[in-house]
Structure formats: C-alpha cells, structure tokens
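Biologist: I am new to looking at protein structures, and I keep meeting words like "buried" and "edge-to-face". Could we go through one together and ask what earns each label?

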Amino acid sequence: GYGCVYFCENMLNRLGDSFKGKTVSVSGSGNVAIYACEKATELGGKVVTLSDSGGFIHDPDGIDAEKLAFVKDLKEVRRGRISEYATKYANATFHDQVRPWGVPVDIALPCATQNELDLEDARTLIGNGLQAVAEGANMPTELKAAYAFRDAGTLFAPAKAANAGGVAVSGLEQSQNALRLSWSHEEVDTKLKTIMKDIHEKCVKFGKDGERVDYIDGANLAGFAKIADAMVAYGAV
C-alpha cells in the first residue's frame, strides 16, 4: 500500500504536484487498501472511501488516523464488514453492492481485486476531474478503462509498476534474513521509497513521449529491458 502511494506521489511530483490537498478514493479494506489510506493521509491527502465485497463507505470528512485505527480493528482483528464504519461515524454513508468510483475525487487507488474498475467507471472518474490512478491490486483496471485514462491524459500507473512495493519489501526481508540484520520500520520505509522512485524513473525513461509519459508503455518496456539485460548477463543470448 505504501509503495503504491509512493509511486503515485512520484508521478505527481514530476508535474510539480503532490498528494497534499487532494481527495482520494481507495477501494478495498484489506492489507493494501488500509496502508495505502494511511500513507496517502500522511502525505496530506484526504481519503474518503473504502470498500469490501458488500459495498463501499463514503466519508466526506476523510478517514483520518483515528478512524483508520477503527478500520484496522474492524478488518484485521474482528473481521467485520465495512458497513459498520457508517454506523459509527455519523457523516459517513454506506452504499450497498456499489463500487466507489462514482465519488468525485482527484486520485483513485484501486486496491481490492482484479477488473474492479471498468470503462464506465473510468469515464465517470474522468468526467469528475480525476488527475491520477495508481493500481494497488493486481490488474484492477480493465484494459479499455486503462486506455481511456491514458487517452484522457489522466496519470495512470499500472500494477506491474505501482504494485511492486510488496515484492520489493519481501526482497528486503530476505536480505535481512540472509545477512542476519534487523532494520527498523523507518529504515525499511526509506528503502521502499527509494525503490519506488527508481521504478518510476525507469518508467519515465522508457515511456516518455515529448513532455508526456505513457506509464503503461514505460512499465512494459522497462520490464522487458530488465529481462533482456539479465539474459545477456547470464550469456543466454
């Protein structure tokens, strides 16, 4: 979740912008969604939605640290339903069997499941002035929707880049185990931030078209280039 937000922040920073003051929609309420919400809030954004398979909650006041602590207990400890959030916080509403993409926001972070954001959802978000999308789940955006974002000039970070944080931190865990080290939360977070910045820079390098960056092409080409380099290094080609 942190990695997804860091990648999105890098996209915004490149254009002289940031999460600060932005309204954010997050789907899901599991491990990725909860921590994407946490980091987006830390960076100055206001997260207004979370969801599960039953529907989504909309809190126009924002899901701050205190409210997120309630969500962590609800979902990680008690394994409850997100609808309970709306019974605790008066200004929040629960929308049964509906996805959160109809809420006007600046940034969308789909962090729930595959194919949860379709072409109609994309058109709604674009029409509401969306600036950026970063995929926190595995392929949550349908292909036609992804291309709609790209064609509209909306910043779109595909999962193979924006969702690399989980694998990256697993690699850091393996390094700690192999070297018999123990890094603090802050050290791991700093390393993750650097990794996501490097991934973003590679996407820009391979996806830049004039002043514009196609992050779909950039992520694909960067991935292919890394494989090709490894094949050459090992003498496979």
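Biologist: How many aromatic pairs does a search of the whole structure find?

Modeller: Keep in mind that this is a predicted model. The search of the whole structure turns up 7 aromatic pairs.

Biologist: What makes the pair of Tyr-2 and Tyr-35 edge-to-face?

Modeller: Their ring centres are 6.3 Å apart and their planes stand at 65°. Centres must lie within 6.5 Å to pair, and planes over 60 degrees apart count as edge-to-face. The values meet both limits, so the pair is edge-to-face. This pair also links distant parts of the chain: Tyr-2 sits in helix α1 (residues 2-14) and Tyr-35 in helix α2 (residues 31-42), 33 residues apart.

Biologist: Why is Tyr-2 called buried, and what does Tyr-35 count as?

Modeller: Buried means under 20% relative accessible area, and exposed means over 50%. Tyr-2 has 13%, so Tyr-2 is buried. Tyr-35 has 23%, which lies in between, so Tyr-35 counts as partly exposed.

Biologist: Why is the pair of Tyr-85 and Tyr-89 called tilted?

Modeller: Here the centres are 4.7 Å apart and the planes are at 45°. Under 30 degrees would be stacked and over 60 edge-to-face; 45° is neither, so the pair is tilted. Tyr-85, at 0% relative accessible area, is buried, and Tyr-89, at 14%, counts as buried too.

Biologist: How do you know that Lys-39 lies over the face of Tyr-2?

Modeller: The distance to the ring centre is 4.4 Å, and the limit is within 6 Å, together with an angle within 35 degrees of the ring normal. Lys-88 lies over the face of Tyr-89 in this sense as well, at 5.7 Å from the ring centre. Back at Tyr-2, there is also an aromatic cluster, formed by Tyr-2, Tyr-6 and Tyr-35.

Biologist: Let's turn to the sheet. What makes β4 and β7 edge strands?

Modeller: The sheet is open, with 7 strands in the order β4-β3-β2-β1-β5-β6-β7 and mixed pairing. β4 (93-96) and β7 (155-157) each have a single partner strand, so one side of each has no neighbour in the sheet. From one strand to the next, the twist averages 15°.

Biologist: How do you know that β1 and β5 pair?

Modeller: Pairing takes at least two bridges. β1 (residues 23-27) and β5 (residues 107-110) have 4 bridges, in the parallel sense, and Ser-27 stands opposite Pro-110 in β5. β5 and β6 have 2 bridges, also parallel; there, Ile-107 has Ala-132 in β6 as its bridge partner.

Biologist: What makes you say that both faces of β5 are covered?

Modeller: Ile-107 and Leu-109 on one side are buried, and so are Ala-108 and Pro-110 on the other. Helix α1 lies across β5, β6 (132-134) and β7, running at about 150° to β6.

Biologist: Which residues touch the most other members of the largest nonpolar core?

Modeller: Phe-7 and Leu-109 do, in a core of 47 residues. α1 gives the most to this core, with 8 residues. Leaving aside residues up to four places away in sequence, Phe-7 touches several others, including Ala-157, Met-196, Ile-199 and Tyr-215. There is also a second, separate core of 17 residues, which includes Val-103, Leu-117, Ala-145 and Phe-156.

Technical notes: Residues are numbered from 1 along each chain as its sequence is written. This is a predicted model: local features need pLDDT of at least 70, side-chain atom pairs count only at pLDDT 80 or more; totals for chains, interfaces and linings use all residues. Side-chain values use heavy atoms; hydrogens and water are left out. Rings of Phe, Tyr and Trp (its six-membered ring) pair if their centres lie within 6.5 Å; planes under 30 degrees apart count as stacked, over 60 as edge-to-face and the rest as tilted. Buried means under 20% relative accessible area, exposed over 50%, partly exposed in between (1.4 Å probe, protein chains only). Axes are lines fitted to C-alpha atoms, for helices over the stretch in contact, and angles run from 0 to 180 degrees between N-to-C directions. Contact means heavy atoms within 4.5 Å. A nonpolar core is a set of buried Ala, Val, Leu, Ile, Met, Phe, Trp, Tyr and Cys residues joined through side-chain atoms within 4.5 Å.
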